[in-house]
Amino acid sequence: MKIIAYGTAWFSDFVIESGVADETNTWNFLCVLFDNVNVTLPEQKEQTINLQLTQIHKEDIINCMRRFANSMQEMSLGKIKINYDIVETDTPITSMSYDQENGYYVSGYNVKEVIDPYIQQGKYDHIFIAFRTGNINQEQKLEKDWIGLGYMEYRGIGFSNIRLPENDHDYTYKYDSRINTFPEEVFVHEFLHTLERNAEEYGYERPELHNNELYGYQNKPLIGLKNWYQDYMNKTIQTQSGNIGLPNEIYTKKPVKASDFIFSHRLQYFNEPDNILEELNNMVKKVKILFEQVGQRISN
Ligand SMILES: [Zn+2]
């Protein structure tokens with residue numbers, strides 16, 4: 001049966017406002033701890049995952065967020081400042097998204113009931129969600145199962161998964177002077193994917209975050225790829241044709257959010273034509289950034 005709908009769509013009270021973009025280098029992060037995952041994966045023979053964050057997991061994540069905020073400021077030599085809030089919810093994650101390359105992951109849409117109210121506050125520039133699953137991607141024949149997933153966005157804001165392992169003896173997120181002195185690495189890595197994506201969208205040249213080996217950077221004991229991230233942030237990766245990395249300006253290019261419009265004014269339609277065009281152009285760019293990103297692109 002074919003259903004064809006007829007009708008007329010009406011738009012009323014359509015207002016274009018221009019706001020003052022927040023161009024400081026302070027980023028507000030939200031980290032949401034999802035205490036419960038209760039999900040059935042249909043492609044995996046109805047495999048059900050029912051796992052909880054333990055108190056130890058929560059403490060590890062709280063510790064990592066504090067270290068992440070300090071490390072980003074230190075490693076970028078002060079180019080970025082980070083404020084953050086950590087919230088915990090007992091509302092379970094009950095659905096996951098699926099992608100051929102990355103297998104199962106949690107998109108913003110899977111947890112929108114929990115995170116939308118925070119986004120509506122208009123305060124946050126990036127969101128981490130932390131949750132625990134088993135080996136969800138074991139049967140997907142992925143090159144490597146991920147623990148963090150980034151390069152995503154949700155409602156115009158960078159969005160990353162921080163996955164906690166099922167195994168309690170894993171040191172990925174634990175500081176230990178003999179095993180791991182950079183436990184915030186997954187957070188740094190995933191946020192740099194957002195800056196990497198933003199740089200591309202603003203038309204800057206930048207190396208791919210996963211191309212460390214191409215430029216001679218190896219994973220090291222204790223600190224992982226810390227040196228690579230530091231050079232990536234400061235555009236101090238040396239090549240034959242000069243230094244490369246993220247552009248300095250990227251730290252002030254945050255998502256457009258409701259708070260940018262608190263002091264907004266209505267466009268003056270009787271301005272000089274140049275002015276109107278300029279304002280409209282800026283608006284269109286912002287609207288484009290907000291809405292074009294709805295299509296999700298992800299990488300691990
Ligand atoms: Zn990655």
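This report describes the confidence, central strands, core and selected residues of a predicted protein model.

## Confidence of the model

The mean pLDDT of the protein chain is 84, and 76% of the residues score at least 70. Residues 262-274 remain under a pLDDT of 50, and the model gives this stretch 13 contacts beyond four places in sequence. A second stretch, residues 292-300, also has a pLDDT below 50, with 17 contacts in the model beyond near neighbours in sequence. Where pLDDT is low, the predicted coordinates should not be read in detail.

## Strand S8 and its partners

Strand S8 spans residues 126-132, and 7 of its 7 residues are buried. The side chains of His-126, Phe-128, Ala-130 and Arg-132 point one way from S8, whereas Ile-127, Ile-129 and Phe-131 point the other way. In a regular strand the side chains alternate between the two faces of the sheet. In S8, the residues pointing either way are all buried.

S8 pairs with S2 in the parallel sense through 5 bridges; Phe-29 stands opposite His-126 of S8. S8 is also joined to strand S10 (residues 157-164) by 7 bridges, and these two strands likewise run parallel. Within S10, Ile-162 is the bridge partner of Ala-130.

## The largest nonpolar core

The largest nonpolar core comprises 56 residues, and Ile-127, Ile-129 and Ala-130 have the most contacts inside it. Strand S2 (residues 26-34) gives the most to this core, contributing 7 residues.

Leaving aside residues up to four places away in sequence, Ile-129 touches Val-32, Phe-34, Val-106, Val-111, Asn-161 and Ile-162.

## Ile-49 in strand S4

Ile-49 belongs to strand S4, which covers residues 47-52. Ile-49 counts as buried because it has 20 C-beta neighbours inside 10 Å, and the cut-off for this class is 20 or more.

Beyond residues up to four places away in sequence, Ile-49 touches Val-37, Val-39, Thr-133, Gly-134 and Ile-136. For one of these, Val-39, the C-alpha atom is separated from that of Ile-49 by 5.3 Å, although the two residues are 10 apart along the chain.

## Helix H4 and its surroundings

Helix H4 (residues 226-234) has as its buried residues Trp-228, Tyr-229, Gln-230, Asp-231, Tyr-232 and Met-233. These buried residues pack against helix H1 (55-75), helix H3 (185-201) and strand S11 (237-239). Just after H4, Lys-235 adopts a positive phi of about 55 degrees.

Key:
Residues numbered from 1 in each chain as written. Predicted model: local features only at pLDDT ≥ 70, side-chain atom pairs only at ≥ 80, totals over all residues. pLDDT = per-residue confidence, 0-100. Contact = placed C-beta atoms within 7 Å. Helix = DSSP H or I, 4+ residues; strand = E, 2+ residues; numbered from the N terminus. Buried ≥ 20, exposed ≤ 12 C-beta atoms within 10 Å, placed from the backbone. Core = buried A, V, L, I, M, F, W, Y, C linked by C-beta atoms within 7 Å. Pairing = 2+ DSSP bridges.
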